[in-house]
Amino acid sequence: MKQAVGGNLIQVRPLFAACATEPKGAECLDALKNARNPFFLGDQPAGTQVSGWLDAWTPASSAYAVAARNASDVSAAVNFAREYNLRLVVKGGGHSYQGTSSAPDSLMVWTRAMSAVTVHDAFLGTGCRGKIPPSAAVTVEAGSMWIDAYDAVTTKAGRYVQGGGCATVGVAGLVQSGGFGSMSKGFGTAAAGLLEAEIVTADGVVRTVNACTNSDLFWALKGGGGGSWGVVTKLTLRTHELPEFFGYAGGTIKAESDAAFRQLIARFMSFYHDKLFNPNWGESVKIKPENALELSMVCQGLDNQQVADVWRPFFDWVKSSSDYNTSDLEAGSIHARAWWDAEARKKRGSDAMIGDPRPGVPVSHAWWSGDQDQVSAYLHGYESLWLPAALLRQAEQAHLASALFAASRWWEVQLHFNKGLAGAPAEAIAAAHDTATNPVVLEAFALAIIANGGPPPRPGQPFDAGVAHEHARAVDGAAAELRKIVPHPGSYVSESNYFNDTWQQAFWGNNYRKLLAVKTKYDPDGLFFVHHGVGSEAWSSDGFTRLV
Ligand SMILES: Cc1cc2nc3c(=O)[nH]c(=O)nc-3n(C[C@H](O)[C@H](O)[C@H](O)COP(=O)(O)OP(=O)(O)OC[C@H]3O[C@@H](n4cnc5c(N)ncnc54)[C@H](O)[C@@H]3O)c2cc1C
């Protein structure tokens, strides 16, 4: 097998293995120094971007990994795993909250080394001549991160591709999740932009899938969840004309009393409905237990003046009242081409992006400082719920505001407006309709996320399990308040509760039955297993034993 993959079979050691034997050695010190650098974590075969989840999963390294260079390496690994009945796991960017790219005693297919990005003026899918017109596109190999795609497509080529918000997420994991970025309210999901993929299925065959060839598997890859269908080796995504400007609005508003905070939530939701519920505006706000509203909104297509005009009425209302304190409200825009240009940002003195500090790495390799808290975090609780746009209607807004206030008594509630497609252009909604993602996303104005965590329980470091369990209960309490207005919510497969026991319905709704049929067709023996993946109900929780 080692020969079949050009020698790229490696024995995997846990991320901090060196620290157990030589705590002062260079390898251990390097791992500790870089433990909160998402690029470093991605470069380690045993690296995971989150450090596990209370009572759910703990990072565990595979026995061996194939550091694949191409589809032929992947095919050799898949054939070997199938023939010898091995537990197989696939890892790209390593950002799974659910731990689905980490499996003990497994053979890992690790795609990190496959990271070429090619921009096309006119891409025509295999077998699509005369059926689908060529379109501008980008082909990304499966080990690429979104920052690699944005650097090639936006910074260098002046176009736009719909990917994820977090720069270091892997392209293949996110597209198979459905996938949302800051501008998804304008351009839809990442999955909906998929034109073609190359995938090695359980039989070891390298297949091209698109709307014209293997269209059932193509549809399943568009949101059916990573790690269940085969190993994707490359993806081709549609590109769009780049808007002239990308912008932002941010700041924190602190209310003086509970009553004032209730009013602030109600006022903001009404403002959102009137001014921001459209293709221009995405990203999020945080509704905090300490009676604070934190704004972190992003827009596309509006210049500085237009952004300022949109926010003026709300900012003026806040500033005119002694019930609210704020010192940092700001809104503005920049040329879109400079959005993911970490070097240009640094020259302007912006600290919004953090560059990978290691020597010899690409200058484009930077992550958003807003994502720093999540790097290496250990999750205590996590829940997400899609909130229907009907809740924004005049008659419903008071209920919505009350539920958000009640939930925020338990824990901070984040509203990710770009992760619900209500308010998006008709074509973005139609394209997302033709994916496997739960169709409730089409009618949701936002995805509510409630999550918490802390430093991982590592030897020699304090860890209070009681507090961690209290945190988990607080997430459940907050989610229960939102369930009072959305009794059976859909949830985003990749940003969801590990313990969701109605996951089939929550992640995929009525699409689940069709997904299961595709799974049975291409992977009848269940070689590809992940926690709460399509077909996983037939397996023990570790993926080793078939139950039915
Ligand atoms: C800090 C952070 C920020 C995030 N931000 C966003 C965001 O802005 N928008 C959003 O939509 N989501 C976001 N997510 C969720 C993220 O999109 C998913 O977790 C995604 O699946 C991660 O992909 P990955 O390749 O990085 O992770 P991995 O853990 O490597 O993979 C995730 C899953 O996909 C499978 N997989 C990976 N590569 C392949 C492949 N080549 N072929 C087949 N299966 C594969 C794995 O087996 C695993 O099951 C975020 C997650 C984190 C931790």
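**Ligand site, open sheet and hairpin**

A polar backbone atom of Gly170 lies 2.8 Å from an oxygen atom of the ligand. The model is predicted, and the distances given here are computed from it. Two further residues place polar atoms by ligand oxygens. For Thr100, a polar side-chain atom is 2.8 Å from an oxygen atom of the ligand. For His95, the atom belongs to the backbone, an N or O, and the distance to a ligand oxygen is 2.9 Å. The ligand is largely covered: taken alone it exposes 950 Å², and the protein buries 97% of that.

The shell around the ligand holds 33 residues. The closest are Val90, Gly92, Ser101, Phe180 and Tyr492. By class, the shell divides into 19 polar, 12 nonpolar and two charged residues. Which elements supply at least two shell residues each? They include strand S3, helix H6 (171-177) and strand S10 (231-241). Helix H6 gives the largest share, with five residues.

Strand S3 also belongs to an open sheet. This sheet has four strands in the order S1-S2-S4-S3, and the pairing is mixed. Strands S1 (9-11) and S3 (88-91) occupy the edges. Each has a single partner strand, so one side of each is left without a neighbour in the sheet. From one strand to the next, the twist averages 30°. Helix H4 (residues 71-83) packs on the sheet and touches S2, S3 and strand S4 (107-110). The direction of H4 makes about 165° with that of S4. In general, strands of a sheet pair through backbone hydrogen bonds, either parallel or antiparallel. S1 and S2 (residues 64-67) run antiparallel and are joined by three bridges. Within this pair, Ile10 has Ala65 in S2 as its bridge partner.

A second antiparallel pair is formed by strand S8 (residues 194-200) and strand S9 (residues 206-210), with five bridges between them. The two strands make a hairpin, with five residues separating S8 from S9. In the turn, Gly204 has a positive phi of about 85°. Val200 stands opposite Val206 of S9.

Which side chain makes a polar contact with that of Arg207? The partner is Thr201, at 2.8 Å. Arg207 itself is part of strand S9. Neighbours within four places in sequence aside, Arg207 is in contact with Ala197, Glu198, Ile199, Thr201, Asn214, Leu217 and Tyr522. Thr201 thus appears both in this contact list and as the polar partner of the Arg207 side chain.

Methods: Residues numbered from 1 in each chain as written. Predicted model: local features only at pLDDT ≥ 70, side-chain atom pairs only at ≥ 80, totals over all residues. Heavy atoms only, no water. Pairing = 2+ DSSP bridges. Axes fitted to C-alpha atoms, helices over the stretch in contact; angles between N-to-C directions. Contact = heavy atoms within 4.5 Å. Near = heavy atom within 4 Å. Polar contact = N/O pair within 3.5 Å; in protein donor to acceptor, adjacent residues only side chain to side chain. Areas by Shrake-Rupley, 256 points an atom, 1.4 Å probe, with all protein chains shown as cover. Nonpolar A, V, L, I, M, F, W, Y, C, P; charged D, E, K, R; others polar.
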